[in-house]
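Biologist: I am new to this structure. Please walk me through it, one short question at a time.

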Amino acid sequence: MPKSDFLAEAEARGFVFQCTDSDGLDAALQAGIVSGYIGFDLTADSLHVGSMVQIMLLRLLQRHGHRPVLLLGGGTTKIGDPSGKEEARQLLTPERIASNGQAIQGIVSRFVHAGDGPTDALIADNAEWLDRLGYIELLREVGPHFSLSRMLSFDSVRLRLEREQGLSFLEFNYSILQSYDFRELGRRHGVALQMGGSDQWGNIVSGVELVRRTDSRQVFGLTTPLIATASGAKMGKTAAGAVWLSADRVSPFDYWQFWRNTEDADVGRFLRLFTDLALGECDRLAALAGAEINEAKKILATEATALCHGRETALAVAETARLSFEQGQLVQAALPSRGVPAAELTAGIPIFRLFADCGLSASNGEARRLIRGGGARLNDQPVEDEARVVSDADLIDGAVKLSVGRKQHLLLRPE
């Protein structure tokens, strides 16, 4: 059992999968402030729920008096991380990468407090050193410390090669650059811990070894398990796509609904990972049975939404959900909404197309199957005819309400 508060709670909550030296890290955490980093590549203007384990680990590190470091991959995004990917990423322009970095920095700053204090979060961008790095310099200084056979054994490389999908030399360099980041953060900011998902284990170990060989410093690596739901689905993925942390991509109401729809078997695990609730309270809620487990799911949804979008917003969407689901009231102010061309609505739009176009179904065919299965509602009434046409005659208080079952709703407003 670890003696340091951070490592003990991280293990109890289910964050720890592998560690390069558990005893050494535990001692370092007891001896003083440890700076630990996680890197995020800037491939989109938002992170999604799949990144929440990493974000919550940074938050936990800060809560226990250590310094979280957020590394923006302004440099490595220009290369592309092959981990878990079946094909090369599309390369982005420098302007798009910079814009994505600003957005992601804003999202993570909701979960950790940045500033100049000893335990305030530090935000760095590896473009600061990678963009100026000379190729010959990198080959001579860092290249000798990497074994080609070892790199080929990494899951991120081996799986791509086994599928015969190819791996470009550009992507193959990613591991070297990630290791270089660890050393550079140590030299510039005293960072001694790199954290990441279990798919990053090979890259993290390479960084630990590079620092040890070139700087004779003791540093550590820690990985988290890859999270899937009890039914085996990838965390943060739904039929409508990724569950993003940006309100511009996924409304706070839909974000709350995602957590409310957690499978019964996942409630306790997700409470420990994705909320700040005390472990004893997580255990109590997880032990609820029958219909009572739904109350635990609502608490999970509200606590997770409060961290991402603020407690006031979380309480508002929880109340909206209660009125909408339990009392059947249409609370338009808080439900997610989107516009539909007024002329199209006046002419009439097939309802199956509306469900597909607004993202409540993945395709027209899926929307038709949803309707035939009785899962689609228009203004809280079951839709029985998949060819039904929706027009402005269906507007109630200036909006049309589409629902999938009793839990997923969207208002369409003419514009």
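Biologist: Which residues does D181 touch, not counting residues up to four places away in sequence?

Modeller: First, a caution: this is a predicted model, where local features need pLDDT of at least 70, side-chain atom pairs count only at pLDDT 80 or more, and totals for chains, interfaces and linings use all residues. Residues are numbered from 1 along each chain as its sequence is written, and side-chain values use heavy atoms, with hydrogens and water left out. Contact means heavy atoms within 4.5 Å. By that rule, D181 touches Y37, L71, T76, N126, W129 and L130.

Biologist: Which side chain of opposite charge is nearest to D181, and how far away is it?

Modeller: Lys and Arg count as positive and Asp and Glu as negative, while His and the chain ends are not counted. A salt bridge needs a side-chain nitrogen of Lys or Arg within 4 Å of a carboxyl oxygen of Asp or Glu. D181 is buried yet has no salt bridge. The nearest side chain of opposite charge is R188, at 8.7 Å.

Biologist: Where does D181 sit, and which strands does that element lie across?

Modeller: D181 is in helix α10, which spans residues 174-189. Helices (H or I, at least four residues) and strands (E, at least two) are DSSP runs, numbered from the N terminus. Helix α10 runs at about 140° to β2 (axes are lines fitted to C-alpha atoms, for helices over the stretch in contact, and angles run from 0 to 180 degrees between N-to-C directions). The strands it lies across are β2, β3, β4, β5 and β6.

Biologist: Which strands stand at the edges of the open sheet?

Modeller: The open sheet has 6 strands in the order β1-β6-β5-β2-β3-β4, with mixed pairing. Two strands pair if DSSP finds at least two bridges between them. Each edge strand has a single partner strand, so one side of each is left without a neighbour in the sheet. The edge strands are β1 and β4.

Biologist: Which residue of β6 stands opposite C19, and which helix touches β1, β5 and β6?

Modeller: β1 and β6 pair in the antiparallel sense over 2 bridges. C19 stands opposite L222 in β6. The helix packing on the sheet there makes about 105° with the direction of β6, and it is α2.

Biologist: Q30 lies in helix α2. Which residues is Q30 in contact with, leaving aside its neighbours within four places in sequence?

Modeller: Q30 is partly exposed, with a relative accessible area of 45% (buried is under 20%, exposed over 50%, partly exposed in between; 1.4 Å probe, protein chains only). Q30 and L7 are 23 residues apart in sequence and 9.9 Å apart in space, C-alpha to C-alpha. The contacts of Q30 are K3 and S4.

Biologist: Is strand β14 enclosed or open to the outside, and how many of its residues are buried?

Modeller: Both faces are covered: V400, L402 and V404 are buried on one side, K401 and S403 on the other. The strand is largely enclosed by the rest of the structure, because the buried count is 5 of the 5.

Biologist: Which strands does β14 join by bridges?

Modeller: On the β11 pairing there are 3 bridges, antiparallel, and R377 stands opposite S403. A further pairing, also antiparallel, has 5 bridges, with L402 opposite L410. The partners are β11 and β15.

Biologist: How many residues apart are the salt-bridge partners D276 and R63?

Modeller: Side chains of opposite charge can pair when their charged atoms come close. The closest N and O atoms of D276 and R63 are 3.2 Å apart. D276 is in the loop between α13 and α14, and R63 is in helix α3; the separation along the chain is 213 residues.

Biologist: What is the relative accessible area of K297, which pairs with D264?

Modeller: The closest N and O atoms of D264 and K297 are 2.5 Å apart. D264 lies in the loop between α12 and α13 and K297 in helix α15, so the pair ties together parts that are 33 residues apart in sequence. D264 counts as partly exposed at 49%. K297 is buried, at 7%.

Biologist: How many salt bridges does a search of the whole structure find?

Modeller: One of them joins D283 and R272 at 2.8 Å, N to O. D283 lies in helix α14 and R272 in helix α13. The search finds 20.
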